There are 2 protein chains.
Amino acid sequence: MSSRVNATAASILGLLTRKPMSGWELHAAFESSIGQFWSITRSQIYREIRTLAAGGLIEVGATGPRERRVCTITSPGCETFRSWIAAMPGDELIRFPLLLTTFFGDVVPRESLRDACTEHRDRHAERLAAYEGQLAVVAAEAPFAALTLEFGIAYERTVLAWFGGLPWMAPG
Amino acid sequence: MSSRVNATAASILGLLTRKPMSGWELHAAFESSIGQFWSITRSQIYREIRTLAAGGLIEVGATGPRERRVCTITSPGCETFRSWIAAMPGDELIRFPLLLTTFFGDVVPRESLRDACTEHRDRHAERLAAYEGQLAVVAAEAPFAALTLEFGIAYERTVLAWFGGLPWMAPG
DNA sequence: ACCGACATGTAATTCGTTACATGATTGC
DNA sequence: GCAATCATGTAACGAATTACATGTCGGT
């Protein structure tokens with residue numbers, strides 16, 4: 001019968017198919033895997049937990065230390081996830097404020113432009129390094145997760161190359 | 001004095017610094033320029049128009065055919081935009097449902113996986129072609145907008161290359 | 001036995017999406 | 001002069017962010 005859920009809830013179900021987790025752990029699991037391309041805040045997770053529990057798609061365990069409650073997926077939950085994940089995914093949604101800065105670049109002080117690009121270039125370089133450091137292990141242990149990681153690496157390289165081509169960024 | 005506005009409102013102000021537009025035209029202007037990397041829905045535009053008008057940052061003209069009302073930026077509006085655009089931009093936010101499909105690929109029917117990737121690859125190929133077709137004109141007429149376009153082209157190429165490397169996608 | 005960092009969750013607010021309504025134009 | 005499409009906007013709903021509150025552990 002498989003209830004209808006939104007994408008956020010469905011992705012939570014997906015993680016819970018692997019093992020029971022608390023809200024905090026779910027958040028950490030997103031952050032350390034697909035979080036960069038599937039952004040979710042902690043509050044959203046807690047909200048969806050309530051909804052999923054109300055719909056019987058997960059079960060919330062007893063309260064542990066610091067109000068910790070572990071969520072376990074139920075079989076209707078599994079069923080719902082399976083049918084959701086097999087459906088055609090929607091288009092990606094991107095909001096990239098730095099591109100507004102460059103798009104409106106003609107009215108941005110030159111220094112702000114350079115600062116913004118330098119700062120963001122550095123952040124992307126850090127992410128790229130982090131991704132590259134994980135690749136070997138992830139590829140060995142979780143081939144499907146490695147695809148996301150490969151996407152991340154390709155994406156970060158592209159962004160860095162783009163920064164490098166900006167006229168106000170020093171070459172080299 | 002420059003009021004505080006959110007990023008959506010600020011980007012609307014940005015477009016209005018160039019010329020007065022109705023809500024519909026603003027939407028079209030986003031779509032045909034930075035829309036892919038700065039997603040905004042029409043309804044948001046109308047809401048922000050109300051807020052911006054209430055704050056005196058824009059002025060809404062008389063009603064034309066089909067309730068059309070042209071918005072004109074005021075000098076406080078310009079001031080607000082200038083100070084907003086000079087500030088450090090936030091990180092990009094991405095929600096890419098297809099990456100969930102691959103991330104959870106081990107429980108996705110092989111056919112769904114192939115269908116989803118094929119469909120999305122085609123969409124990206126179309127976008128790339130469209131971008132490439134625009135580049136010459138945009139580069140000549142609007143160098144800063146061309147940077148966004150170059151980003152778009154690099155991004156689409158990266159996505160397409162990633163699709164090409166997926167084990168279940170036919171090579172060539 | 002205190003302080004700081006980590007872990008956990010909720011509530012209020014803002015933002016974004018979907019569904020709707022309707023008025024002009026255009027093409028037949 | 002009707003149907004289809006384009007242009008315009010609103011309202012209701014659902015999703016996401018921010019700000020908050022609090023509890024627990026680990027070190028000193």
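**Entry 1: Ser83(B)**

I count a residue as partly exposed when its relative accessible area falls between the buried limit, under 20%, and the exposed limit, over 50%. I am working from a predicted model here, and I began with Ser83(B). Its relative accessibility is 38%, so I logged Ser83(B) as partly exposed. I found Ser83(B) in helix H4 of chain B, which covers residues 75–85. I also checked how far Ser83(B) is from Ala125(B): their C-alpha atoms are 37 Å apart, with the two positions 42 residues apart along the chain.

**Entry 2: chain A as a whole**

Next I stepped back to look at chain A. I counted 7 helices and 3 strands in chain A. Going along the sequence, I wrote the order down as α-α-α-β-β-α-β-α-α-α.

Then I looked up the dimensions. The C-alpha trace of chain A spans about 55 × 40 × 40 Å along its principal axes. I get a radius of gyration of 20 Å for chain A, whereas a compact globule of 172 residues would come out near 16 Å.

How much of chain A is buried? I noted 46% of its 172 residues as buried. The accessible surface of chain A is about 8500 Å², and carbon and sulfur atoms hold 53% of that surface. For contacts in chain A with a separation of 6 or more, I found that 57% join residues 24 or more positions apart.

**Entry 3: helix H1, seen in both chains**

I went to Ser11(A) first, which sits in helix H1 of chain A, residues 7–16. Ser11(A) has 0% relative accessibility, so I put it down as buried. What does its side chain pair with? I found a polar contact of 3.1 Å between the side chains of Ser11(A) and Trp38(A). Leaving out residues up to four places away in sequence, I listed Phe30(A), Trp38(A), Ile40(A), Leu100(B) and Phe104(B) as the residues that Ser11(A) touches.

Then I turned to helix H1 of chain B, residues 7–16. This helix is largely enclosed by the rest of the structure, because 9 of its 10 residues are buried. I wrote the buried ones down by name: Thr8(B), Ala9(B), Ala10(B), Ser11(B), Ile12(B), Leu13(B), Gly14(B), Leu15(B) and Leu16(B). At the start of H1(B), I saw a side-chain oxygen of Asn6(B) reach to within 3.1 Å of the backbone nitrogen of Thr8(B).

**Entry 4: around DNA strand C**

Which residues come nearest to DNA strand C? Out of 19 residues around DNA strand C, I noted Trp24(A), Arg66(A), Ser43(B), Gln44(B) and Arg47(B) as the nearest. Of the atoms of DNA strand C that come within 4 Å of the protein, 60% belong to sugar and phosphate.

I looked up three individual pairs.

- The side chain of Gln44(B) has an N or O atom 2.2 Å from a phosphate oxygen of DNA strand C.
- The side chain of Ser43(B) places an N or O atom 2.5 Å from a base oxygen of DNA strand C.
- Glu67(A) uses a polar backbone atom, which is 3.0 Å from a phosphate oxygen of DNA strand C.

By element, helix H2 (23–31), helix H3 (42–54) and strand S3 (93–95) of chain A, together with helix H3 (42–54) of chain B, each give at least two residues to the surface near DNA strand C. The largest share, 4 residues, comes from H3(A). I sorted this surface by class and got 9 charged, 7 polar and 3 nonpolar residues.

**Entry 5: around DNA strand D**

I repeated the search for DNA strand D. Of the 19 residues around DNA strand D, I have Thr41(A), Ser43(A), Gln44(A), Trp24(B) and Arg66(B) as the nearest. Sugar and phosphate make up 65% of the atoms of DNA strand D within 4 Å of the protein.

Again I picked out three pairs.

- Arg47(A) has a polar side-chain atom 2.9 Å from a base nitrogen of DNA strand D.
- Arg69(B) has a polar side-chain atom 2.8 Å from a sugar or linking oxygen of DNA strand D.
- Trp24(B) has a side-chain N or O atom 3.5 Å from a phosphate oxygen of DNA strand D.

The elements giving two or more residues to this surface are H3 of chain A, along with helix H2 (23–31), H3 and strand S3 (93–95) of chain B. Which element gives the most? I found that H3(B) does, with 4 residues near DNA strand D. The class split near DNA strand D is 9 charged, 7 polar and 3 nonpolar residues.

Conventions. Residues are numbered from 1 along each chain as its sequence is written. Chains are lettered from A and ligands numbered from 1 in the order in which they are written. This is a predicted model: local features need pLDDT of at least 70, side-chain atom pairs count only at pLDDT 80 or more; totals for chains, interfaces and linings use all residues. Side-chain values use heavy atoms; hydrogens and water are left out. A residue is near a molecule or strand if one of its heavy atoms lies within 4 Å of it. A polar contact is a pair of N or O atoms within 3.5 Å; within protein, one must be able to donate a hydrogen and the other to accept it, and residues adjacent in sequence count only if both atoms are side-chain atoms. Ala, Val, Leu, Ile, Met, Phe, Trp, Tyr, Cys and Pro count as nonpolar, Asp, Glu, Lys and Arg as charged, and the others, Gly among them, as polar. Buried means under 20% relative accessible area, exposed over 50%, partly exposed in between (1.4 Å probe, protein chains only). The radius of gyration is taken over C-alpha atoms; the globule rule is 2.2 Å times the number of residues to the power 0.38. Contact means heavy atoms within 4.5 Å. Accessible areas come from the Shrake-Rupley method with a 1.4 Å probe; for residues, only the protein chains shown count as cover.
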